[in-house]
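Here are my notes on the model you sent over. I've kept to overall shape and pockets, one topic per point.

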Amino acid sequence: MAEILSQTQTASDAPGDTLKTIRSGLTRRHARERRFRAYGIAAICAALGAVLILFSMILAKGIPAFTQASLTLDVFFDPAVIEVDPRPEPQPGQSPADYQKARLDWERQVTLVNWNRILEAAIRQAAPDMEVDTRQALSIVETSERFVLRDRFVENPALLGQTVKVDLLASANVDNWLKGNIDRSLPDSQQQLSAPARALADRLLENGTIRFAFATQIFTNVDSRSAPASAGLAGAFMGSLYMMLVVIVLAVPLGVGSAVYLEEFAPKNRFTDLIEVNINNLAAVPSIVFGLLGAAVFINYFRLPLSAPLVGGLVLTLMTLPTIIIATRSALRAVPPSLRQAALGLGASRMQTVFHHVLPVTYPGILTATIIGVAQALGETAPLLLIGMNAFVAAVPATPLDQSTALPVQIYLWQGNENRNFFEARTSAAIIVLLGLMITLNALAIYLRTRLERRT
Amino acid sequence: MNNEHAEVMEMHMPTEKIVGQTDLYSIKSSTVRTPDAMPRPIRVKAREVNVFYGSKQALFDVSIDVPERAVTAFIGPSGCGKSTFLRCFNRMNDTIEGSKVTGRIELDGADIYDGSIDVVELRARIGMVFQKPNPFPKSIYENVAYGPRIHGLASAKGDLDRIVETSLQKAGLWNEVKDRLHEPGTGLSGGQQQRLCIARAIAVSPEVILMDEPCSALDPIATAKVEELIDELRENYTIVIVTHSMQQAARVSQRTAMFHLGYLVEEGPTDKMFTNPEEKRTQDYITGRFG
């Protein structure tokens, strides 16, 4: 610096010349700065634009899926069709097992009733002047809905002979047709519904039998292939939740513990350097490799069940550990050494120093790391495919050992569903749910961090 | 802002004492109340101490005696090893990766580097105040109470309250903070923070207090308060202070040791060191010819 100064001074004779040299360069320097700022703004705009396009496309496609065509039918529980014995009641002196058996026998009887005939009658009654055959009439209602009638009856056998209003889901094809997800001008051979059924659907919408109602089944139902309109995320959601629990319970203590040990207690030598390098490498390992590891170790060796959220959680824990360790270590490294010296100088032991003083100031950092890691795990799909979580599971897992799928895997499965024009919207709806969950997690992280930071 | 103001108001000492650089010797003679007439018992004895950081030797064969209830000052230019030497006394060098200490340092006749010495106990007996005020990011009360609490010095809450109060009083901070004991210690002014750190060190009732350039991050007014405090504390504690301000050494210490390039150049009563040093290097340093 000094050399440059002296050079310019010797080159220019008077102090005025120096000033002139500085001024002549000024425009260029300012222009350079302006250009750099413009690049920055352009980059941010490009990124924001991409995010905006992504979100608007997902929302535009997904939001219509949250409302769904549903029918309100006057259903007559016809005694001529429903020919079953009265529901067995617990008899005095009867053992619970016997009662259970009688009850199950009766329910089997109820299931064998031809509920489709009752549905068909109700549909015909809603539009009496339409000429449709049985198949066409039944194609209006989702195939799962006859079980809704059955369940209503099992719940309350007194319905026999009565007419009640029942809300039922229209079939996915009707939903497509009425929402315009299928081109109405296509010839019959390419339509999903027959011509009379399409006319019937239009008529039912006209006379108010079919309405677009909020699709609660997305949140309450499990996945379904035979009845796409009733497919929901409940199973996948619970699966993801169990996995998150496993990840939080395992990855946080393990990750924070190893980070604290490595940073505060471990001697600095070749071996710990090697460990550090390996942890950093582990963070860069493709997630599908972790899936293979999970399949080989947890399923093949430890014989844990396939498709279980526990195994998924274990695999995701392995994936999340490096993230948490690295972030916690950098948070610990950022703690000023004066704090450690203050505690050590007072005679605090190493552990007291760490747990009383160092860790508390790193809580915000550790929390952020944890939530970023968990959010990353929540969105991970590839490793789950390898441990069988892409299986079709039509049940909500009751424990982490039950078969289940996960939200991102459900998105993947729906994306591949044959009923494209119905599941395209469903997929986007599932993406909205997943993104909503992630945004909630991140918001929680920000909230907790600001609260913790204010406290310290 | 109010804190700063309060500090100014409470100062009853002439300002020349702090800023007067020219008449060094007259200041010294006016502030040192008890010239070290009678020899005091030796509290800490260092013999042939060498310190290595990795392969680099930072300290060469230093031997010194630290008398009881007096202030011993280590002076010397930056990088001369005075802080390194100070940190040997409570084994804070242990926390630095690759550091090695050879030689003997005795506290009351026992080698502190002996395997049987517990570092935690040692640091409870030899407290330390650092260059930059480093209160814990906790309340003022918690800052002072932390030491007694981890060492189990107070059995009841009342005992702890008493320790906190007396420590803050000894550190001359009680009147300034008694109404806000539960506010964060980091909210105090720099000088108050440093006195809080001193109170925190006193709270454990150490025998020796090490101070590593305790005033270098403070303004002259806060410096004066801390120096006054050091002068009062020496009635009860053995104090070793590292400073690169010769005026400060002259003002607060009874004995001075001069370090240069890792060697102990000269050591003796402060009066003698500043008026009639034996070594030329000491003479040059205290008259400002180098350093």
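1. Where does the biggest pocket get its walls? Four helices of chain A each supply at least two residues of the lining of the largest pocket: α10 (234-265), α13 (309-333), α14 (337-345) and α15 (350-378). Of these, α14(A) gives the largest share, 4 residues. Bear in mind that this is a predicted model.

2. As for volume, the largest pocket holds about 550 Å³ of space. There are 20 residues around it, and the closest to its centre are Glu263(A), Glu264(A), Arg340(A), Arg350(A) and Thr95(B). Note the chain letter on that last one: Thr95 belongs to chain B.

3. If you're thinking about the chemistry of the largest pocket, its lining divides into 9 charged, 8 nonpolar and 3 polar residues. Glu263(A), Glu264(A), Arg340(A) and Arg350(A), all among those closest to the centre, fall in the charged class.

4. Next comes the second largest pocket, with about 330 Å³ of space. Its lining has 18 residues, and those nearest the centre are Ser139(A), Ser171(A), Asn173(A), Gln192(A) and Leu193(A). Two helices of chain A, α5 (134-138) and α7 (172-179), are the elements that give two or more residues to this lining. The top contributor is α5(A), with 3 residues.

5. Which classes of residue line the second largest pocket, and in what numbers? The split is 9 polar, 6 nonpolar and 3 charged. Set that beside the largest pocket, where 9 residues are charged and 3 are polar.

6. Stepping back to the whole of chain A, the secondary structure comes to 18 helices and 3 strands. The C-alpha trace spans about 115 × 65 × 40 Å along its principal axes. The radius of gyration of chain A is 32 Å, whereas a compact globule of 456 residues would come in near 23 Å.

7. How much of chain A is buried? Buried residues account for 41% of its 456 residues. Its accessible surface is about 24100 Å², and carbon and sulfur atoms make up 63% of that.

8. One last point, on contacts. Taking the contacts in chain A with a separation of 6 or more, 76% join residues that sit 24 or more positions apart. You can read that alongside the radius of gyration of 32 Å for the chain.

How values were computed: Residues numbered from 1 in each chain as written. Chains lettered and ligands numbered in written order. Predicted model: local features only at pLDDT ≥ 70, side-chain atom pairs only at ≥ 80, totals over all residues. Heavy atoms only, no water. 1 Å grid on protein atoms, 1.4 Å probe; cavity = no way out; pocket = protein on both sides within 12 Å on 5 of 7 lines; lining within 4 Å. Points joined across faces, edges and corners; volume = space filled by probe spheres on them. Rg over C-alpha atoms; globule rule 2.2 N^0.38 Å. Buried < 20%, exposed > 50% of the residue type's maximum accessible area, 1.4 Å probe, protein only. Contact = heavy atoms within 4.5 Å. Areas by Shrake-Rupley, 256 points an atom, 1.4 Å probe, with all protein chains shown as cover.
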